[in-house]
Number of protein chains: 2
Amino acid sequence: MLSKKCKYAIHALVYLAERYQQGPVHIQEIAERQHIPKKFLEAILLELRNAKVLNSKKGKGGGYYLFKKPEDVNLIEIIRLMDGAIAMLPCVSLNYYEPCEECRDEKTCGIRDSFLGVRDETLKILRESTLAKIVKREKALSKK
Amino acid sequence: MLSKKCKYAIHALVYLAERYQQGPVHIQEIAERQHIPKKFLEAILLELRNAKVLNSKKGKGGGYYLFKKPEDVNLIEIIRLMDGAIAMLPCVSLNYYEPCEECRDEKTCGIRDSFLGVRDETLKILRESTLAKIVKREKALSKK
DNA sequence: TTTAATGTCTATTAAATCTATAGACTTATT
DNA sequence: AATAAGTCTATAGATTTAATAGACATTAAA
């Protein structure tokens, strides 16, 4: 399961994607509208800023805004930043690889293959899930 | 990521699947061979027993053995028993469904779809990953 | 029938992680 | 100068995970 932090991040980013190129939005507003504890959200947005997904403007009239284009931010990137590995086992993780302690020999491990498959399929879907597509989908669904 | 408990369970079950219908194997042996803390393993095997995946024999010469057929135990079942939901969001979970707190309206949520897709692909692969197949794969790999 | 080997069960502890909050500091605008 | 923002460090509380301890129950064999 994704952590709350990660879910908060996704919701905040979608919110900002809907307001792309409309100037900075302040934390308070995002927190209220998305029901996210403000202080927690602060830490999240800061991380996303340091990762250059967001940018911010300080001082009066300041706030956060999407730095990358909505079509260039996908769920893989967000999840990795917030929760770390996407794979279900460390030994099949691309970005957070670690040998499995429990495994005596990775090469002859019959378990890995399944999780390699899961990882690949998961990445395939999450890679295609950009903020742009999510916003588009949201609009399409609410028009029905 | 899967918990250690879950990884231990998978390894223990594979070990027992390799010895299917060869009589009970005692905890001590599984613990030693798979490098699992014995007391922790006890709790795990007990849960698997209560779920009728394993069965046990008490007393001298006792131990655990696979109750279901190796081809009838897949990774979905094991993961659900040990770690709970497989989906990345509660709102797309089949067995552990809960509405997302962060979501104002599930019907118009543009995020769900992606995770629904991930869940379906994940289940598809894990459903096919039975103990029988894992053991078979293991043997094939070690012959190379 | 005793003994030893084994699983069963309840409780507890230690460590790690997740979630949330507090408060002082910095920067930009008016 | 005053005010409205974000930045940063620290920490507290809650929850979950991992591991351990010890008393109890059952079975088989001696």
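# Exercises on a predicted protein–DNA model

Among contacts in chain A between residues at least 6 apart in sequence, 56% link residues at least 24 apart. The structure is a predicted model, and the exercises below treat its fold, its cysteines and its two DNA strands.

## Exercise 1. The fold of chain A

Determine how many helices and strands chain A has, and in which pattern they follow one another.

Solution.
1. Count the elements: chain A has 6 helices and 2 strands.
2. Place them in sequence order, which gives α-α-α-β-β-α-α-α.
3. Add the dimensions: the C-alpha trace of chain A spans about 60 × 35 × 25 Å along its principal axes.
4. Consider burial and surface. Chain A has 144 residues, of which 47% count as buried. The chain exposes about 7500 Å², and carbon and sulfur atoms supply 50% of this area.

## Exercise 2. The cysteines

Explain why Cys6(A) forms no bond with the closest cysteine sulfur.

Solution.
1. Begin with the whole structure: a search over all chains finds 0 disulfides.
2. Take the distance for Cys6(A). The closest cysteine sulfur belongs to Cys100(B) and is 11 Å from that of Cys6(A), which is too far for a bond.
3. Compare with the cut-off: a disulfide requires two cysteine sulfur atoms within 2.5 Å.
4. Turn to chain B. Cys6(B) is in no disulfide, and its nearest cysteine sulfur, in Cys100(A), lies 11 Å away.
5. Examine accessibility: Cys6(A) is buried, with a relative accessible area of 0%. Cys6(B) is buried as well, its relative accessible area being 0%.

## Exercise 3. The surface near DNA strand C

Identify which residues come nearest to DNA strand C and which elements supply the surface near this strand.

Solution.
1. List the residues: 26 surround DNA strand C, and Lys39(A), Lys58(A), Leu46(B), Ser56(B) and Tyr64(B) come nearest.
2. Assign the elements. Helices H1 (4-18) and H3 (38-50) of chain A each give at least two residues, as do helix H3 (38-50), strand S1 (54-57) and strand S2 (63-66) of chain B. The largest share, 4 residues, is that of H3(B).
3. Sort by class: 12 residues of this surface are charged, 7 are polar and 7 are nonpolar.
4. Examine the DNA side. Of the strand C atoms within 4 Å of the protein, 68% belong to sugar or phosphate, and the rest to bases.
5. Inspect individual contacts to phosphate oxygens of strand C. A polar backbone atom of Lys4(A) is 3.1 Å from one. For a polar side-chain atom of Tyr8(A) the distance is 3.2 Å, and for a side-chain N or O atom of Lys57(A) it is 3.3 Å.

## Exercise 4. The surface near DNA strand D

Establish which part of DNA strand D lies 3.1 Å from a polar side-chain atom of Glu42(A), and describe the surrounding residues.

Solution.
1. Identify the partner of Glu42(A): the strand D atom at 3.1 Å is a base nitrogen.
2. Add contacts from chain B. A backbone N or O atom of Lys5(B) is 3.5 Å from a phosphate oxygen of strand D, and a side-chain N or O atom of Tyr8(B) is 3.2 Å from a phosphate oxygen.
3. List the surroundings: strand D has 26 residues around it, the closest being Ile27(A), Leu46(A), Ser56(A), Tyr64(A) and Lys39(B).
4. Assign the largest contribution: H3(A) gives the most to this surface, with 4 residues.
5. Sort by class, which yields 7 nonpolar, 7 polar and 12 charged residues.
6. Examine the DNA atoms: of those within 4 Å of the protein, 70% are in sugar or phosphate and the rest in bases.

How values were computed. Residues are numbered from 1 along each chain as its sequence is written. Chains are lettered from A and ligands numbered from 1 in the order in which they are written. This is a predicted model: local features need pLDDT of at least 70, side-chain atom pairs count only at pLDDT 80 or more; totals for chains, interfaces and linings use all residues. Side-chain values use heavy atoms; hydrogens and water are left out. A residue is near a molecule or strand if one of its heavy atoms lies within 4 Å of it. A polar contact is a pair of N or O atoms within 3.5 Å; within protein, one must be able to donate a hydrogen and the other to accept it, and residues adjacent in sequence count only if both atoms are side-chain atoms. Ala, Val, Leu, Ile, Met, Phe, Trp, Tyr, Cys and Pro count as nonpolar, Asp, Glu, Lys and Arg as charged, and the others, Gly among them, as polar. Buried means under 20% relative accessible area, exposed over 50%, partly exposed in between (1.4 Å probe, protein chains only). Contact means heavy atoms within 4.5 Å. Accessible areas come from the Shrake-Rupley method with a 1.4 Å probe; for residues, only the protein chains shown count as cover.
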